[in-house]
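Colleague: I have a model open and would like to talk through its chains with you. Could you bring it up?

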4 protein chains.
Amino acid sequence: MEKKIKAGIIGGAGYTGGETLRLLLNHPAVQISFVHSRSNAGTPVYAVHADLLGETQLTFTDALSADVDVLFLCLGHGESKKFLQENIVVSTVKVIDLGNDFRLGDKVAGRTFTYGLPELNRAVIRQVNNVANPGCFATAIQLGLLPMASAGLLKEVYSTGITGSTGAGQKLQDTTHFTWRANNISAYKTLTHQHVAEINQSLKQLQSSFSGALNFVPWRGDFTRGIFVSSIMETQQSLNDLNQLYKAFYQDHPFTHVADTMIDLKQVVNTSKCLIYLEKEGNKLVVHSAIDNLLKGASGQAVQNMNLMFGLDERTGLQLKSTAF
Amino acid sequence: MEKKIKAGIIGGAGYTGGETLRLLLNHPAVQISFVHSRSNAGTPVYAVHADLLGETQLTFTDALSADVDVLFLCLGHGESKKFLQENIVVSTVKVIDLGNDFRLGDKVAGRTFTYGLPELNRAVIRQVNNVANPGCFATAIQLGLLPMASAGLLKEVYSTGITGSTGAGQKLQDTTHFTWRANNISAYKTLTHQHVAEINQSLKQLQSSFSGALNFVPWRGDFTRGIFVSSIMETQQSLNDLNQLYKAFYQDHPFTHVADTMIDLKQVVNTSKCLIYLEKEGNKLVVHSAIDNLLKGASGQAVQNMNLMFGLDERTGLQLKSTAF
Amino acid sequence: MEKKIKAGIIGGAGYTGGETLRLLLNHPAVQISFVHSRSNAGTPVYAVHADLLGETQLTFTDALSADVDVLFLCLGHGESKKFLQENIVVSTVKVIDLGNDFRLGDKVAGRTFTYGLPELNRAVIRQVNNVANPGCFATAIQLGLLPMASAGLLKEVYSTGITGSTGAGQKLQDTTHFTWRANNISAYKTLTHQHVAEINQSLKQLQSSFSGALNFVPWRGDFTRGIFVSSIMETQQSLNDLNQLYKAFYQDHPFTHVADTMIDLKQVVNTSKCLIYLEKEGNKLVVHSAIDNLLKGASGQAVQNMNLMFGLDERTGLQLKSTAF
Amino acid sequence: MEKKIKAGIIGGAGYTGGETLRLLLNHPAVQISFVHSRSNAGTPVYAVHADLLGETQLTFTDALSADVDVLFLCLGHGESKKFLQENIVVSTVKVIDLGNDFRLGDKVAGRTFTYGLPELNRAVIRQVNNVANPGCFATAIQLGLLPMASAGLLKEVYSTGITGSTGAGQKLQDTTHFTWRANNISAYKTLTHQHVAEINQSLKQLQSSFSGALNFVPWRGDFTRGIFVSSIMETQQSLNDLNQLYKAFYQDHPFTHVADTMIDLKQVVNTSKCLIYLEKEGNKLVVHSAIDNLLKGASGQAVQNMNLMFGLDERTGLQLKSTAF
């Protein structure tokens, strides 16, 4: 039997930590070395991630094992950099950061991070030791725009996106109180969402002329998982040409698909996929895109990156049964 | 023009306080004297109860006005007694307590409380100055059982009830976190819910032989408003006789109705009604009952009690537009 | 006692018919003359509108009484015109059409209809006998844009709106199947929604130079009641000036309010209100607006129009208790 | 490479057909021979099961291939028997029926069916060619009661269970209309649910003295997936003894676990597990049990049975990533 990849999860008690754990537990090429959580050390992981009852006897630890091939950093924003500063992680250990500390090129402890969007940077990801996993909204919006940018067609974009409550994390907040959020919709961080910067960085990588005119209005949705985005922009290309452009761009990317009929959020919930659908009226193109914020928008993409970094088929361990309903 | 009832709300920033406020704002015979909240003093009530934006310019106060005819105590359990001990409320001011401090006969500061279930104690409520408003589950279960007790027919009862998240109040808790509660069901306080005592007290008031064998399993539901209960018990009476018994019992009670077809929760949401439906197989009777936990289960019933205590038609201010959907 | 307005509801078994009925049952100046439904003639209204059990003994009828002051047409699109062609309605009877047959100026049987958006046409509505009630999305979008148009400031607009399932009516459809719609989001009628025409008509009424460049993407939401819209547009005005403009425009309109903090959908559910909130970044203005699609977006606005047409305070019968949660 | 099991799905366009397909697509020992659906013949399976877009190019067929090792019958009640009467299925082909045609011992075309609850009949299932897969509520209730029956301790049982909308199937119905079902609860088939017969059959198999006194009230829940049941019964055993009894009974069953803290529905959604939790007050035991109605309650258990029938580890292809949220 082949030697397995030894993986450690830092911040294993949060949502992305738990989701990474769920994926790695069933990953055929991975052996979980440890799940780190200071506040839960010594307790079984299923005491926090209750769905794992009956799946594993793993417990959280507050010790860092050096016997590890890859670390998943599932920490709050700002904490990944601090973690790598305060702990010695030997340079041969690969690091995948699910936070936003390194997405814009910041370095730490001799590590330079590659932006981990496989549809943009797959060839590079295969060669590197440090990956900054993209943000959830950033993933959904970029995947809807990359082909346009690759063809130099991108002009000003107007995007509205809606996200499930898991995007807000585990902390109890007024806006994640069930009584408030059930059957409710509201906007937040209007035109100022922190993911706009990484989106613009990627778009300019493909189309240097892009002015960065991305107007993004995020909404809070009354569901737990998923992101749905509709982006409007002007273009002279025909819908037929645009569909060809998009399908060609994603042709050999196994998780991103261009649909021929309207998509809906639940098509991708509990999968690592992104679905895209194009519509055109007059000279206005609308691109709809949908992902699961915790999978293609976080832990699923992190495991996809790990697969690439270790030379595995990028789908390994990610062919998940959709919830569907 | 007739003189209006001057009402004060103590604990006006919580759910039952807000709901009482919503009702009193539109009540034709009431003038709100003050809405008390220490932590929100000076801010508009709509800063907390956001739906009231555009409805009223009232602000919270931390002062108690003596110019008041009735006080609604909308406080946490245990705090009503404390409030009446620590503050001087002249004896002519009527008090309606929405907490559970006085439901089992406790007295304070010379005040003796009547259990405020109009379908049980209406004649008395009309005469008294102090009413202990029933609990929400207690209301739904009792209204499903009172006619049986009145006929001396009650034996051991098995009740399962499900409640909306507003029943858990405003405080952020793990079990009211949207991410946890959405699409979820769980049980709590199995066979030990605190409302069982007041239910048994009422049932014994009507049927002194009742042994108090009420087995109640409460569930947390993934909705915000409402309670639905199914109670099973043995009886030799025919379904026809039972329907006659129930309909006669509630004949002149304007908010409690016995339906001829299956009921559902949303029939009563945002109303002060209780709906009841009876089914029988073999010698087993099943009584389904449904209320809005914040109205018939709390603030609506409190206003109904106020109406009775002040000699008004008990429906005044309570003919609400149902949400229906 | 004053003579009451005698009202008839045509199409009383549908959602807007039922909602109109709920409002009129509690309206102090209205007496319901009849509720018309061919398919339900003879059955109690609560057999269809189950929440009305215990509220009324009214039954549906298939006969049209001439003893009526106002008719509410709550019919499918195209059926209102047909109804007025096939039935003799004396010209003194006022007609309020909740469908889309007359919103763009169509006439029938000697009747010319006024577009019934009080915030736009209140003075005229007070004088006329025939009102075409606006569409639900049309109401939410227009109320977010009217002040801009009134100041001649409107340029190209990008709107995304989300609607509850009641907007799709009573008919069972794949997109209103619970199993599909729960926790789901999707888009429909992208850039081609039928309400765009009536919105443009209103905007041009205030700003004749407006080119009609309204790009509207409607989404299906996983809730039953409400519409939330975010509209983006370019403007050089300061946020302060814009807030003053909006507040002045709606100053004497009792149901439309400009908020000073972010709004959310549930602030308006089960009310006749529209809430608006403005944000600005750079030269981009975002206007958020929220209504209850069945009230301000349909039956509530119809009753508001009736109040105006009969010289009543427009709020009469419309000061509803919000569901809040 | 080992030879794969060739599987055919009959009724592949319904919910249990689709869920079986989702499982078999990822099952390492199975090759899908065909997915039968008369009404969808020729169209891709993802045209019906939209989440499968990008997962498979399979199309529905109306032809039955004989080159098959096992047939999953995912048909409406009564249709499985008809299918086996009208089509020649050679006797060496194993049949797993997900409907209720054969759960009570009915035979057809020389085939005698074993009741496919592995926790009850695993040894037999391993030997047979024909399995009748249990009902969803039946699975959840039985797994909560089997240990009691195995010890001869079962007395009269009072069960309330709540089910997601997928339990009602794909057909558009009033009770699966989103507008009705969202945030709603109601009861149906009170004390008369069809699953009671198969539950009693199993309980008597273990405890012949059991009188069949199972009082079951099913509720419709406002979620799509899952079943939660609370069953009350009298017993003299201590809670400690009962926990030992239950844990011993399920010790070597990989999907059924006895929890040490309160369970909730979402712990099992999108898994093949059943979780159980015991509580006791006085002489009353309450057993809570939870399953995913489409997995342990249908397709997951069907695949578990297939695994047993073909000598595989029963967990093969069933270690699914839970949705968790």
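Modeller: Here are a few questions and answers on the contacts, the symmetry and one residue. This is a predicted model, in which local features need pLDDT of at least 70, side-chain atom pairs count only at pLDDT 80 or more, and totals for chains, interfaces and linings use all residues. Residues are numbered from 1 along each chain as its sequence is written, while chains are lettered from A and ligands numbered from 1 in the order in which they are written.

Colleague: How many residues does chain C give to the contact with chain A?

Modeller: Happy to help! Two residues are in contact if their C-beta atoms, placed from the backbone, lie within 7 Å. Chain A brings 32 residues to this contact, and chain C brings 32 residues.

Colleague: What kind of axis relates chain B and chain D?

Modeller: Copies are superposed by least squares on the C-alpha atoms of residues with pLDDT of at least 70 in both. Chain B falls on chain D after a rotation of 180° with 0.0 Å of shift along its axis, at an RMSD of 0.0 Å. That is the relation of a two-fold axis.

Colleague: Is B:T256 buried or exposed?

Modeller: A residue is buried if 20 or more other C-beta atoms lie within 10 Å of its own, exposed if 12 or fewer, and partly exposed in between, with C-beta atoms placed from the backbone. Beyond residues up to four places away in sequence, B:T256 touches B:E119, B:L143, B:Y250, B:C274 and B:I276. Because 24 other C-beta atoms lie within 10 Å, B:T256 is buried.
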